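The following paragraphs lead the reader through one protein chain, from particular loops and strands to the chain as a whole. Please keep the sequence and the model in view while reading.

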Amino acid sequence: MELAPKQVADGVFMLTLPLPMRPSHVHVTLAKAGDAWVQFDTGMFTAETLDSLQRAWSELGVAASAIRLLLVTHHHPDHFGASATLHEMTGAPVSLHPAEVEAAQHYTRRQHSPVALEFFRANGIPFDRFGYVPAVGEFWSAVYRPATETQPLADGQRFELEDLVIETIATPGHTAGHCVFYLPKQKILISGDHVLPKITPHIGRFPAGPQNPLADYLASLRKLESLEVAAVIPAHGPVFSHLKARIQQISQHHQYRLREMLAAVHGQARTAYEVAAMAWGFDERSPLQIQFPATFEALAHLEYLRSQGQVERFERGGRVHYHAVA
């Protein structure tokens, strides 16, 4: 994996940082603003990440004190995990959408909440048969050190530092407050996890999340179609330029998934877990890191279908079931 900074445009560099999991890397971006710099996302809080980041700064001649602003796409550990440390190193304020600040609190909890446990069971996850299942905060605690004080990001918010102009675009879906950043002078989009060149971001319905995240996500994709973009810097995968074509591909992928899940509940009511098991081909012996996200993603698609009047939802035996409308 190439870790050297990659120049995408004059004064704009993509930095690749290692991750201790798949995907094996995350990109953060540095943009020059006169004698200062802005960094987009922070990477995960690991020694390898911080070492790689400092080496990249050194290679580009960027002093930590020259970084004046830290803009974060969303709260996940590979994007926000080192934010407290980077704030301490640079003195720069950290900006994050308020919905992400709230969501980040879930990554600090060491126990499953009663609401989460009820959510898992109601949607068919056989939680009680899995044995020990670590809570999110317990699982990520060693690599997540989020900033405790942040500046709020808002859709349409504009930053101007010397000759650098940054436009914030709220793109909920992958998370409730995900934001992308557009550099209009360079025609560069820093897309976070919203639009990726080779994989699709996880779109899941969670206990405390929006009811219809897939509708949010598809609407967020449409918001970007009219942008004039020369290059997209994603969080994972190579820089690419075919934004509109990639948006169409991702939209088509979800249309396929919607048809697949509608067929799964045609003629027989099923829980989200049962639908996910059919769509992704797993069973109770499969890794939990497959079973849980797949169930949340199936649930997001089923709720989208319900919002379109194609599926009905009802409770039976303490479980939520979905059934195609005749």
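K187 lies in the loop between β10 and β11. Helices and strands are DSSP runs numbered from the N terminus (H or I of at least four residues for helices, E of at least two for strands). The model is a predicted one, in which local features need pLDDT of at least 70 and side-chain atom pairs count only at pLDDT 80 or more, while totals for chains, interfaces and linings use all residues. Residues are numbered from 1 along each chain as its sequence is written, and side-chain values use heavy atoms, with hydrogens and water left out.

Although K187 is not a glycine, its phi is positive, at about 60°. Most residues other than glycine have a negative phi, and most peptide bonds are trans. K187 has a relative accessibility of 29% and therefore counts as partly exposed (buried is under 20% relative accessible area, exposed over 50%, partly exposed in between, with a 1.4 Å probe and protein chains only). The two strands beside this loop, β10 (residues 179-183) and β11 (residues 188-192), pair in the antiparallel sense over 3 bridges; pairing requires that DSSP find at least two bridges between two strands. Within this pair, L183 stands opposite I188 of β11.

Both strands belong to an open sheet of 5 strands with mixed pairing, in the order β8-β9-β10-β11-β12. Its edge strands, β8 (158-161) and β12 (231-234), each pair on one side only. On average, neighbouring strands of this sheet are turned by 20° against each other, direction ignored; the axes are lines fitted to C-alpha atoms, for helices over the stretch in contact, and angles run from 0 to 180 degrees between N-to-C directions.

Two further loops have backbone features of their own. D41, in the loop between β4 (36-40) and α1 (47-60), is not a glycine, yet has a positive phi of about 70°. With a relative accessibility of 3%, D41 counts as buried. P23 is placed in the loop between β2 (12-18) and β3, and a cis peptide bond with an omega of about -10° joins R22 to P23. Strand β3 (residues 25-33) contains V28, which is buried at a relative accessible area of 1%. V28 is 11 residues from L17 in sequence, and their C-alpha atoms are 7.6 Å apart.

Strands β13 and β14 run antiparallel and are joined by 6 bridges, with E312 opposite H323 of β14. Their hairpin has 2 residues between the strands, and G317 takes a positive phi near 65° there.

These strands also contribute to a pocket. α5 (114-122), α10 (288-307), β13 (311-316) and β14 (319-324) each supply at least two residues of the lining of the second largest pocket, and α5 gives the largest share, 3 residues. This pocket has a volume of about 190 Å³. Of its 13 lining residues, F119, A122, N123, R313 and V320 are the closest to its centre. A pocket here is an open set of points on a 1 Å grid over the protein atoms alone, where a 1.4 Å probe fits, with protein on both sides within 12 Å along at least five of seven lines; lining residues have an atom within 4 Å of a point. Grid points are joined across faces, edges and corners, and the volume is the space filled by probe spheres set on the points.

Overall, the chain has 10 helices and 14 strands. Of its 326 residues, 54% count as buried.
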